[in-house]
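Good morning, and thank you for coming. Please look at the sequence and the structure on the screen.

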Amino acid sequence: MATPPDGRLGASQAAAGSPPASTASTASTAPTDAATGLTAAEVADRIARGQANTVPAAPTRSVGQIVRGNVLAPINLIVGVLAALVIAAGSPKDALFGGVIVANSVIGVVQELRAKKVLDSLSVLNAPRAHVVRDGAVREVQVHELVLDDVVELRVGAQVVADGVVITDDNLEIDESLLTGEADAVLKVTGDEVLSGSAVVAGTGRVRVTKVGAENYAVRLAEEARRFTLVNSPLRNDINRIVTWVGVMIVPVGILLASSQFWRRDEGWREAVISTVAGLVGMVPEGLVLLTSVAFAVGVVRLAGKRCLVQELPAIEVLARVDVLCADKTGTITEGSMALAEVEVLPPADTASTFERSDIDDALTAMARLDPDPNATVQALLDHYPGTTGWTLVSRVPFSSGRKWSAMAFDGRGTWVLGAPENVLGEAYRGELRESVERHAADGRRVLVLASAVVEPPETLVDVHPVALVLLEDVVREDAPATLQYFADQGVTLKVISGDNNVTVGAVARRAGLEHWRDNVNAQELPDSEDPATAAEFAAAVERSSVFGRVTPHQKRAMVASLQASGHVVAMTGDGVNDVLALKDADCGIAMASGSEATRGVAQLVLLDSNFSALPAVVAEGRRVINNIERVASLFLAKTTYSVILSLLTGVFALVYPLRPIHLSILSWFTIGVPAFFLALEPNADRVQDGFLRRVLGRAVPAGIVIAAATMGVFAIAQLDDAISADEARSVAVLVAGSVALMNLYRVARPLNTVRLALVATMIVLFGSAFTMPWSRDLFELPLTELWAYGVAAAFIVAAYPLLVLGARAVDLIRHRRGASAIG
């Protein structure tokens, strides 16, 4: 076999020259010499003119915004005002309930600051640096130190940190997948534009910076998602709705209660304030907000152990509610690299082109091991053939996008060519060979042909004999199939969205286990989502299909919006700048830590090891939070219910309020707060159902009515005896209220297991001990009273349980009838 002449090692080493003028407003028309770059004086001049590469910060909240957002929450303001009033009235121990403000604020602030710290450290660790040519020397600088017209040297593995134009190239290949989603590398030659956010995968070159700062492509795309927004949390929305209702009621009820105590009962202002606050603070479900934050925070800590960073507490809840998961292909389902799937030996066309399989493997090993500038294809061969080679390279023709093939001549082994079949074989690309290539391509594989040939000047192939088909495919993440199957089993619709070829994306989806992988759509053929005449057709296509290729960043955003408009809760995974817009608009954005800083900045969840398999754990934590908070929320809202009823009765009829603020503290601790904390942390993987608020209120309101009736009833009867003071009557009222609330706790905790039984028993003992020990009676203002009053209290307690049962059954009956009528 003939071998190509030596010295044919450069495809197109162009001389440095003046590139086309940039269209940027800050672009300079002055050429920059590729060998010397800018001088120190020229750099200083551009900095003075504001032409440095200053990039806006990622869209995260500042420390001040985080603190203000958590401390100045509406419920904190309500509780804070009530605590201040009690303290002003001279009874600081009655303000113990105010501690929830500190706890609620600290949990939220600490979690968000922790997430911010991790993200900031990721930004520092992953921050790219640039090799810039100045005064004839190459030096390493930080990205923000670049200026307009700087000459930047690009090497394999380097990230393009600013838009520019190529002024010298040597087989320079750029991976633009983070920008476009397209997996194939793009060959760049002198005069071509390179965009920030892309990366060098092969070759070398030098570019002149044509855009800096906010004018860079990647920055402009990220700017559309720069405004920080909180994740939409249905659970938080329902709780905030409850808080809003309470806030609206507090003003008129507070006026009614204060007027009845101060004017109609002619009590002093201090006692009137304490009685009023006792009624109002019981209405505020402050512990529910705190417990929700604690439950989320515990979930965040658990997920941190699985290397999943939660930037906003409610994000784990939202993922548990998701019914559509949009997954980016490159970097999410796949690793972003290629693998050698198969080498298919071709039947020889004649006896001269007969090669053994070992010869083919040796040739591929040599071509991989002796390539001084491996691209993605060669890297796949290197991964598959880890051994060394004994072949000696004589000369080489590097790959170029124009030829679509590369060749190597070896001493005593002939010349071997690897490239696209149609370019290598020419007119011989036909018949069964072409059918085989097209069949593999339809399966989403990248097909190359290995051939023996003679290379004649200028780089012309003759005497070509195809030897084997080399089949490459995207490397699917090891954890992707199991993760996708998990979501499918949970009733979540999966959609794969990519900028890559839709057939290739469909093949990847098939290998990842997606059931409807054949439903692949070329997004370039989709109707215009912004045109009112075709928007409905676009929405129908997005709803109907499962795999989309050739999707632009704005189309990804439109797809998410379309699914949300159809009533879906949408999660989006991604790693590139092209995913930023969709990640931000999705109900739950999930970013890979290995991706761009912009995606990490807008996402609610960041997978620190880029491990897709962490998502089922997030769903499990979200379900635990939602289901358990629903279980215990009825305890808090029962207290709100009986506090509202007691306040209205006291205000309307000018009665003595039966409880003091310190009594609300002991009732909250032992019948609600402490048991709810443990119940909220129990495992619970049940699927999340809609109607949280309706079900919670259906359990809480009947219980609250029973507790209010029993409390006010025993308090009124105890006051009939002049020998029993108001404080002693309150002591009996606390006993009844706490006992009935503990029975409600027992009902909420069912079905009982060992832990729940021990929890309920412990709360009964602790609550009872408050009435038996002298120091606790003094602390909680629970004086002993006449024996007959305790007998009446026991009767009320016994009668309350069947009323709790009847109330719950009545609600179930009403709900059942409404459901039946809705079906009818």
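I shall speak about a sheet, a helix that lies across part of the sheet, and a pair of helices.

This is a predicted model, in which local features need pLDDT of at least 70 and side-chain atom pairs count only at pLDDT 80 or more, while totals for chains, interfaces and linings use all residues. Residues are numbered from 1 along each chain as its sequence is written, and side-chain values use heavy atoms, with hydrogens and water left out.

Let us begin with the sheet. Helices (H or I, at least four residues) and strands (E, at least two) are DSSP runs, numbered from the N terminus. Two strands pair if DSSP finds at least two bridges between them. Here eight strands make up an open sheet with mixed pairing, in the order β8-β21-β20-β19-β9-β16-β18-β17. At its edges are β8 (308-310) and β17 (520-522), each pairing on one side only. From one strand to the next, the twist averages 20 degrees.

Within this sheet, β9 (residues 324-328) and β19 (residues 570-574) run parallel and are joined by four bridges. Ala327 stands opposite Thr573 in β19.

I turn now to the helices. Axes are lines fitted to C-alpha atoms, for helices over the stretch in contact (heavy atoms within 4.5 Å); angles run from 0 to 180 degrees between N-to-C directions. Helix α19 (residues 553-565) lies across β9, β16 (493-497), β18 (547-549) and β19, and runs at about 160 degrees to β19.

Finally, how do α22 (residues 615-653) and α24 (residues 692-718) pack, and at what angle? Their axes are 6 Å apart, at an angle of about 45 degrees.
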